[in-house]
Amino acid sequence: MLFIEYPKCSTCKKAKKWLDDNGFEYESRHIKEENPTFDELKTWYQKSNLPLKRFFNTSGMLYKSMKLKEKLSDMSEEEQLKLLASDGMLVKRPIIVFDDIVLTGFNEILWSEKLK
């Protein structure tokens, strides 16, 4: 299981504690130091069955300063994936990648359903 996080993020800390408390083993990856690549993001997006917008950190300062709320709808999937791959702070976190499961953000109920 791959756990992609920004260690200073309070949601990531809660998610990590939940994983630890539930006995999951995982490899942790710092999203700012090792941003997901275009190919990784494309694969995860396809596996997740989520809208691509769910991979964006819509509450982040960078997302807001770039005015992406207005711009994303005019961008192709490839352009959006390239943008996500350009800076880890644009990517929603935490991300769990486990077999065919890809989860963005932390939702304890959803994680319990999908991972147990």
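In which helix is the place of Glu40? Glu40 sits in helix H2, and that helix is a good place to start a tour of this predicted model. The protein has 6 helices and 4 strands, and about 41% of its 116 residues are buried. Below you will find the overall build, then helix H2, then a few residues and backbone spots worth finding in the viewer.

**Overall build**

- Reading from the N terminus, the elements come in the order β-α-β-α-α-α-α-β-β-α.
- The radius of gyration is 14 Å, which agrees with the value near 13 Å for a compact globule of 116 residues.
- Along the principal axes, the C-alpha trace spans about 40 × 25 × 25 Å.
- Among contacts with a separation of 6 or more, 62% are between residues 24 or more positions apart.

**Surface and charge**

- The accessible surface of the protein is about 6,900 Å², and carbon and sulfur atoms account for 48% of it.
- The protein carries 20 positive and 19 negative side chains, and the centres of these two sets are 7 Å apart.

**Helix H2, side by side**

- Helix H2 covers residues 38-48, and its buried residues are Leu41, Trp44, Tyr45 and Ser48.
- These buried residues are on the same side of H2, because they cover an arc of only 100° around the axis.
- An α-helix has 3.6 residues a turn, so residues three or four places apart point the same way.
- Asp39 and Gln46 are exposed on the other side of H2.
- The cover over the buried residues of H2 includes two strands, E1 (2-5) and E2 (27-30), together with helix H5 (77-86).
- Strand E3 (95-98) and strand E4 (101-104) are also among the elements that cover them.

**Glu40 in more detail**

- Glu40 counts as partly exposed, because its relative accessibility is 22% and the buried class stops at under 20%.
- Leaving out residues up to four places away in sequence, Glu40 touches Arg29 and Asn35.
- Glu40 and Leu81 are 41 residues apart in sequence, while their C-alpha atoms are 9.6 Å apart in space.

**Buried residues in loops**

- Cys9 lies in the loop between E1 and helix H1 (10-21).
- With a relative accessible area of 15%, Cys9 is buried, since buried means under 20%.
- From Cys9 to Val102 the C-alpha distance is 19 Å, with their positions 93 residues apart in sequence.
- Asn57 is in the loop between H2 and helix H3 (61-65), and at 9% relative accessibility this residue counts as buried.
- Beyond its neighbours within four places in sequence, Asn57 is in contact with Tyr63 and with Met89, Leu90, Val91, Lys92 and Arg93.

**Leu62 in helix H3**

- Leu62 belongs to helix H3 and counts as partly exposed at 27% relative accessibility.
- Setting aside neighbours within four places in sequence, Leu62 is in contact with Asp87, Met89 and Leu90.
- Met89 and Leu90 also appear among the contacts of Asn57.
- Leu62 and Asn107 are 45 residues apart along the chain, and 23 Å separates their C-alpha atoms.

**Backbone spots to look up**

- Most residues other than glycine have a negative phi, and most peptide bonds are trans.
- Where does the residue with a positive phi that follows H2 come in, and which one is it? Asn49 is that residue, and its phi is near 60°.
- Asn49 is in the loop between H2 and H3, and at 71% relative accessibility Asn49 counts as exposed.
- Lys67 is not a glycine either, yet its phi is positive at about 55°.
- The loop between H3 and helix H4 (68-71) holds Lys67, which counts as exposed at 51% relative accessibility.
- Arg93 and Pro94 are joined by a cis peptide bond, with omega about -5°.
- Pro94 is found in the loop between H5 and E3, and Arg93 is one of the residues in contact with Asn57.

Key: Residues numbered from 1 in each chain as written. Predicted model: local features only at pLDDT ≥ 70, side-chain atom pairs only at ≥ 80, totals over all residues. Heavy atoms only, no water. Rg over C-alpha atoms; globule rule 2.2 N^0.38 Å. Buried < 20%, exposed > 50% of the residue type's maximum accessible area, 1.4 Å probe, protein only. Contact = heavy atoms within 4.5 Å. Areas by Shrake-Rupley, 256 points an atom, 1.4 Å probe, with all protein chains shown as cover. Lys, Arg positive; Asp, Glu negative; His and termini not counted. Charge placed at Lys NZ, Arg CZ, Asp CG, Glu CD. Arc of directions from axis to C-beta.
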